[in-house]
Amino acid sequence: MEIYDFIYKIDSFCNYSNNWNIIQDSYTNEKYGYFADKRPIEVLIKNSIINADKPPGPTSHEVAYWIKQMFKVSKAGHGGTLEP
């Protein structure tokens, strides 16, 4: 039932109400992963996309390097230009 609480929280946050029809209840074994709202911050950082609003000055490569340093991850990159 935890995933439904998460869905209802999203509905509440978006100020949306819907009568969900749950046809089949599923079982998720937590040893194979996390519920979206239960993921540790380390997992979120390592498997996430960061939207960065780069100020003028530093290069896109520099910003990607700083993100790697700040979050202590081995991989970080950018898609396209970060130039304003």
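**Exercise 1. Where does Phe 71 lie?**

Place the residue, then look at its exposure and its neighbours on the surface.

*Solution.* Start with the element: Phe 71 sits in helix H3. This is a predicted model, so a glance at confidence comes next. Helix H3 covers residues 60-71 and has the highest mean pLDDT among the elements, 89. Now the exposure: the relative accessible area of Phe 71 is 34%. Since buried means under 20% and exposed over 50%, with partly exposed in between, Phe 71 is partly exposed. Last, the surroundings: Phe 71 joins Ile 50, Tyr 65, Trp 66 and Met 70 in a nonpolar surface patch of about 540 Å².

**Exercise 2. Sketch the overall fold and its confidence.**

*Solution.* Count the elements: you get three helices and zero strands. Along the sequence that reads α-α-α. Next, check the confidence. The average pLDDT of the protein is 82, and 89% of the residues score at least 70. Helix H1, residues 2-13, has the lowest mean among the elements, 82. A word of caution: where pLDDT is low, the predicted coordinates should not be read in detail.

Then turn to the surface. Of the 84 residues, 13% count as buried. The accessible surface comes to about 7,600 Å², and carbon and sulfur atoms own 55% of that. For the contacts, take pairs at least 6 apart in sequence: 35% of these join residues at least 24 apart.

**Exercise 3. Hunt down the salt bridge.**

*Solution.* Searching the whole structure turns up one salt bridge. The partners are Lys 38 and Asp 37, with their closest N and O atoms 4.0 Å apart. The background is simple: side chains of opposite charge can pair when their charged atoms come close. Now ask how covered the two partners are. Lys 38 has 46% relative accessibility, so it counts as partly exposed. Asp 37, at 32%, is partly exposed too.

**Exercise 4. Which loop holds Lys 54, and is this residue buried or exposed?**

*Solution.* Lys 54 is in the loop between H2 and H3. Its relative accessible area is just 5%. The cut-off for buried is under 20%, so Lys 54 is buried. Follow the side chain and you find that it reaches the backbone oxygen of Pro 58 at 2.7 Å.

Compare that with Asn 51, which lies in the loop between H2 and H3. At 74% relative accessibility, Asn 51 counts as exposed. Now look along the chain from there: His 78 is 27 residues away from Asn 51, and their C-alpha atoms are separated by 9.5 Å.

**Exercise 5. Find residues with an unusual backbone phi.**

*Solution.* First, the rule of thumb: most residues other than glycine have a negative phi. With that in mind, pick out Asn 15, whose phi is positive at about 60 degrees although it is not a glycine. Asn 15 is found in the loop between H1 and helix H2 (41-46). Its relative accessible area of 76% makes Asn 15 exposed.

Then try Lys 72, another residue other than glycine, with a positive phi near 50 degrees. Lys 72 belongs to the segment after H3. With a relative accessible area of 71%, Lys 72 is exposed.

Definitions and conventions. Residues are numbered from 1 along each chain as its sequence is written. This is a predicted model: local features need pLDDT of at least 70, side-chain atom pairs count only at pLDDT 80 or more; totals for chains, interfaces and linings use all residues. Side-chain values use heavy atoms; hydrogens and water are left out. pLDDT is the predictor's confidence in each residue, from 0 to 100. Helices (H or I, at least four residues) and strands (E, at least two) are DSSP runs, numbered from the N terminus. Patches are made of residues with over 30% relative accessible area and no salt bridge: like charges are joined within 9 Å, nonpolar side chains (Val, Leu, Ile, Met, Phe, Trp, Tyr) within 5 Å. Accessible areas come from the Shrake-Rupley method with a 1.4 Å probe; for residues, only the protein chains shown count as cover. A salt bridge is a side-chain nitrogen of Lys or Arg within 4 Å of a carboxyl oxygen of Asp or Glu. Buried means under 20% relative accessible area, exposed over 50%, partly exposed in between (1.4 Å probe, protein chains only). Contact means heavy atoms within 4.5 Å. A polar contact is a pair of N or O atoms within 3.5 Å; within protein, one must be able to donate a hydrogen and the other to accept it, and residues adjacent in sequence count only if both atoms are side-chain atoms.
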